[in-house]
Amino acid sequence: MKVDAPSPHAIALERGDIVQERNTSQKLKLEEYIALQVRRKRVEQALKIADVARIAKVSQGMISKVENAQVSTSLDTLSRLCDAIGLSISQLFADYDRPEGGAQLTKSGQGMEVVRRGTEKGHTYQLLSYNKGKKQTYEPFLITMDDASEVFPTFSHRGQEFIHLLEGKLLYRHGNHLYKMEAGDSLSFDAEISHGPEVLEEVPIKLLSFIMHDNKS
């Protein structure tokens with residue numbers, strides 16, 4: 001049996017039926033950013049606070065406050081500190097105003113659980129990341145299978161797929177070929193050709209699946 005397995009979560013997300021909280025890092029305040037950069041450069045140069053204080057003619061107490069984001073220092077003091085540790089003002093602020101990367105963090109066990117047609121109980125898909133909207137560039141899944149007696153359908157969908165086995169042993173079918181996979185093994189293939197687990201030889205099975213979409217009109 002061949003089952004066409006599109007991504008049902010995209011439509012549900014577009015309608016607002018499914019909501020997943022995105023965990024993103026907060027941007028550092030200016031004082032925190034300066035503290036991080038100054039302390040990192042001082043340590044990189046193997047300088048002690050006392051060394052910097054002597055060279056920059058700034059008190060150790062002030063340097064400690066700067067490195068712990070406890071004070072908004074003057075440009076003059078900051079310039080002397082940077083000279084002492086070999087860091088220019090332009091280098092100090094080089095990364096501060098960079099556009100945010102929009103990274104998406106999914107904590108362990110918090111992937112969105114989705115259901116693909118043809119799967120049964122004991123076969124779980126966790127979507128680890130998504131872009132809201134109908135066009136998906138890629139979809140990363142953590143797939144868990146713990147029922148060795150389960151009979152699996154084959155799947156067929158557009159795009160390329162890459163799977164990496166994290167745990168267990170299985171025979172994986174792609175077209176007319178069977179691939180014996182153990183933990184650490186990877187397989188990449190044309191996803192339009194029928195594919196799917198054939199035999200679960202050692203459970204539980206955990207594998208990462210990355211589906212890359214071509215998004216052709």
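What follows is a short exchange on how labels are assigned in this predicted model.

Student: Why is the contact between E44 and K41 called a salt bridge?

Tutor: The rule asks for a side-chain nitrogen of Lys or Arg within 4 Å of a carboxyl oxygen of Asp or Glu. For E44 and K41 the closest N and O atoms are 3.2 Å apart. That value is within 4 Å, so the pair counts as a salt bridge.

Student: What separates E44 and K41 along helix α2?

Tutor: They are three residues apart in helix α2 (residues 30–44), and therefore about one helical turn apart.

Student: Is K41 buried or exposed, and how do you know?

Tutor: Buried means under 20% relative accessible area. K41 has 18%, so K41 counts as buried. Its partner E44 has 54%. Exposed means over 50%, so E44 is exposed.

Student: What makes D76 and R80 a salt bridge?

Tutor: Their side chains meet at 3.0 Å, N to O. The limit is 4 Å, so the pair qualifies. D76 and R80 are four residues apart in helix α5 (residues 75–85), which means about one helical turn between them.

Student: Why is R80 called partly exposed?

Tutor: R80 has a relative accessible area of 32%. Partly exposed lies between the 20% and 50% cut-offs, so R80 takes that label.

Student: How do you know that E201 and K180 form a salt bridge?

Tutor: Their closest N and O atoms are 2.7 Å apart. That is within 4 Å, so the rule is met. E201 lies in strand β9 (residues 195–212) and K180 in strand β7 (residues 177–182), so the pair ties together parts that are 21 residues apart in sequence.

Student: Which exposure labels do E201 and K180 get, and why?

Tutor: E201 has 39%, between the cut-offs, so E201 is partly exposed. K180 has 53%, over 50%, so K180 is exposed.

Student: How many salt bridges does the rule give?

Tutor: The count comes to six.

Student: What is notable about the backbone at K57?

Tutor: Phi of K57 is near 55°, a positive value in a residue other than glycine. K57 lies in the loop between α3 (49–56) and α4 (60–67). Its relative accessible area is 68%, over 50%, so K57 is exposed.

Student: Where does A69 lie, and why is A69 called partly exposed?

Tutor: A69 lies in the loop between α4 and α5. A69 has 28% relative accessible area, between the cut-offs, so the label is partly exposed. A69 also has a positive phi of about 55°, although it is not a glycine.

Note on methods
Residues numbered from 1 in each chain as written. Predicted model: local features only at pLDDT ≥ 70, side-chain atom pairs only at ≥ 80, totals over all residues. Heavy atoms only, no water. Helix = DSSP H or I, 4+ residues; strand = E, 2+ residues; numbered from the N terminus. Buried < 20%, exposed > 50% of the residue type's maximum accessible area, 1.4 Å probe, protein only.
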